[in-house]
Amino acid sequence: MVDLRVDLSGIMLDNPVIPASGTFGYGQEFAALYDINCLGTFSFKGTTQDPRFGNPTPRIAETPAGMLNAVGLQNPGVEKVVAEELPRLRQIFRKPVMANVSGFSVEEYAHTCALLDREEQVGWLEVNISCPNVHNGGMSFGATPEAAARVTRAVKAVTTKPVYMKLSPNVADIAAIAQACEEAGADGVSLINTLLGMRFDLKSRRPLLANGTGGLSGPAVFPVALRMVYQVYEAVHIPVIGMGGVSSAEDVIEMMLAGAAAVEVGAANLVNPYACRDIIQDLPRVMEKYGIRSLREITGGAHHG
């Protein structure tokens, strides 16, 4: 028998597979298709202090081996999530859930995290610092070590649960950002978020997305994500959640060898709603094929020769 369990900041997961924020909603749509309790956990839709309608349409565009999105953090706001979404979630999901948080100021991050930290079913806070800082000309909070550390400290000051900072790949040195988060008290980091990209409509000669640019996800980004997880694992001493183009059990194993303690699956859910379930079911076969008895033993295995 193989052992799929992994430890994420003291909480044991049945397996390392986690649907990524923005690709799984609050779980309801997928629960109508299969028992989502087979998941390790899932990261629910990025939640902000106030309700957001999101960006104008069109905000999705296909690309070879991936997709672009500029959804714009559409969500009902943290108060409605606490009052409505989490009680509904408890009816279909019996495990701790990961709360993904976005914000446009340090104060917003802290406020939203403080409210979600009080919720019993929330096991971890995943703090997306790819958002534009409205007080700094729109530059992403994750663009500099200083800004990333500032958000980390503010969130840690008002929370008791493990805080994972979700890092942007659109930076010069992602390892330096991860180190700054660790030094500021982060319990872990998750990476990568989407890569900035765009497409054009040849007839109108205008961008396909109303927003102009969007985030690239899907299999095309997997090698980039793998490289960044590998680099960050070498730079920090806190757990890393790896993501970016993961679409198979083999991809999960690769991510863990690079340094991931758990693995998020994003765009694959939008192509095949059963993707996470299928990956979990296939993991024992792949583990046996490569002589892996326990997934906890292979995290960072590529670094050890």
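This passage walks through helix packing, one buried serine and a few unusual backbone spots in a predicted model.

Residues are numbered from 1 along each chain as its sequence is written, and side-chain values use heavy atoms, with hydrogens and water left out. Since the model is predicted, local features need pLDDT of at least 70 and side-chain atom pairs count only at pLDDT 80 or more, while totals for chains, interfaces and linings use all residues.

A good place to start is helix H5, residues 174-183. Helices (H or I, at least four residues) and strands (E, at least two) are DSSP runs, numbered from the N terminus. The axes of H5 and helix H4 (residues 145-156) come within 8 Å and cross at roughly 30°. Here an axis is a line fitted to C-alpha atoms, for helices over the stretch in contact, and angles run from 0 to 180 degrees between N-to-C directions. H4 and H5 therefore count as roughly parallel to each other. On this scale, angles under 35 degrees are roughly parallel, over 145 roughly antiparallel, 65 to 115 roughly perpendicular, and the rest oblique. The crossing of H4 past H5 is right-handed; that is, the near helix is turned clockwise from the far one by less than a right angle, whereas an anticlockwise turn would make it left-handed. On the H4 side the contact is made by Pro-145, Ala-148, Ala-149 and Thr-152, and on the H5 side by Ala-176, Ile-177, Ala-180 and Cys-181. Contact means heavy atoms within 4.5 Å. Sorted by class, this contact has seven nonpolar residues, one polar and no charged ones. For that sorting, Ala, Val, Leu, Ile, Met, Phe, Trp, Tyr, Cys and Pro are nonpolar, Asp, Glu, Lys and Arg are charged, and the others, Gly among them, are polar.

One of the H5 residues in that contact, Ala-176, is partly exposed, with a relative accessible area of 23%. The cut-offs are under 20% relative accessible area for buried, over 50% for exposed, and partly exposed in between (1.4 Å probe, protein chains only). Ala-176 and Leu-89 sit 87 residues apart along the chain, and their C-alpha atoms are separated by 36 Å.

H5 also packs against helix H6 (residues 222-235), with axes that come within 9 Å and cross at roughly 40°. H5 and H6 are therefore oblique to each other, and H5 passes H6 in a right-handed crossing. From H5, the contact draws on Ile-174, Ala-175, Ala-178, Gln-179 and Glu-182, and from H6 on Met-228, Gln-231, Val-232 and Ala-235. The class count for H5 with H6 is six nonpolar, two polar and one charged.

Farther along the chain, helix H7 (residues 249-258) packs on helix H9 (residues 275-289) at an angle of about 70°, with their axes 8 Å apart. H7 and H9 are therefore roughly perpendicular to each other, and the crossing is again right-handed. Ala-249, Glu-250, Val-252 and Ile-253 of H7 meet Ile-279, Asp-282, Leu-283, Arg-285, Val-286 and Met-287 of H9. Seven of these residues are nonpolar, none polar and three charged.

Turning to a single residue, Ser-190 is part of strand E9 (residues 188-191). With 0% relative accessibility, Ser-190 counts as buried. Its side chain makes a polar contact of 2.9 Å with the side chain of Glu-126. A polar contact is a pair of N or O atoms within 3.5 Å; within protein, one must be able to donate a hydrogen and the other to accept it, and residues adjacent in sequence count only if both atoms are side-chain atoms. Leaving aside residues up to four places away in sequence, Ser-190 touches Glu-126, Met-165, Lys-166, Leu-167, Ile-241, Met-243 and Glu-264.

Next come the backbone oddities. The peptide bond from Leu-191 to Ile-192 is cis, with omega near 10°, and Ile-192 falls in the loop between E9 and strand E10 (195-197). A cis peptide bond also joins Thr-57 and Pro-58, with omega about 0°; Pro-58 lies in the loop between helix H1 (28-31) and strand E4 (60-63).

Ser-9, although not a glycine, has a positive phi of about 55°. The residue sits in the loop between strands E1 (6-8) and E2 (11-13), and Ser-9 is partly exposed at 28% relative accessibility. Leu-73, not a glycine either, has a positive phi of about 60°. Leu-73 belongs to the loop between strand E5 (66-69) and helix H2 (78-90), and is partly exposed with a relative accessible area of 23%.
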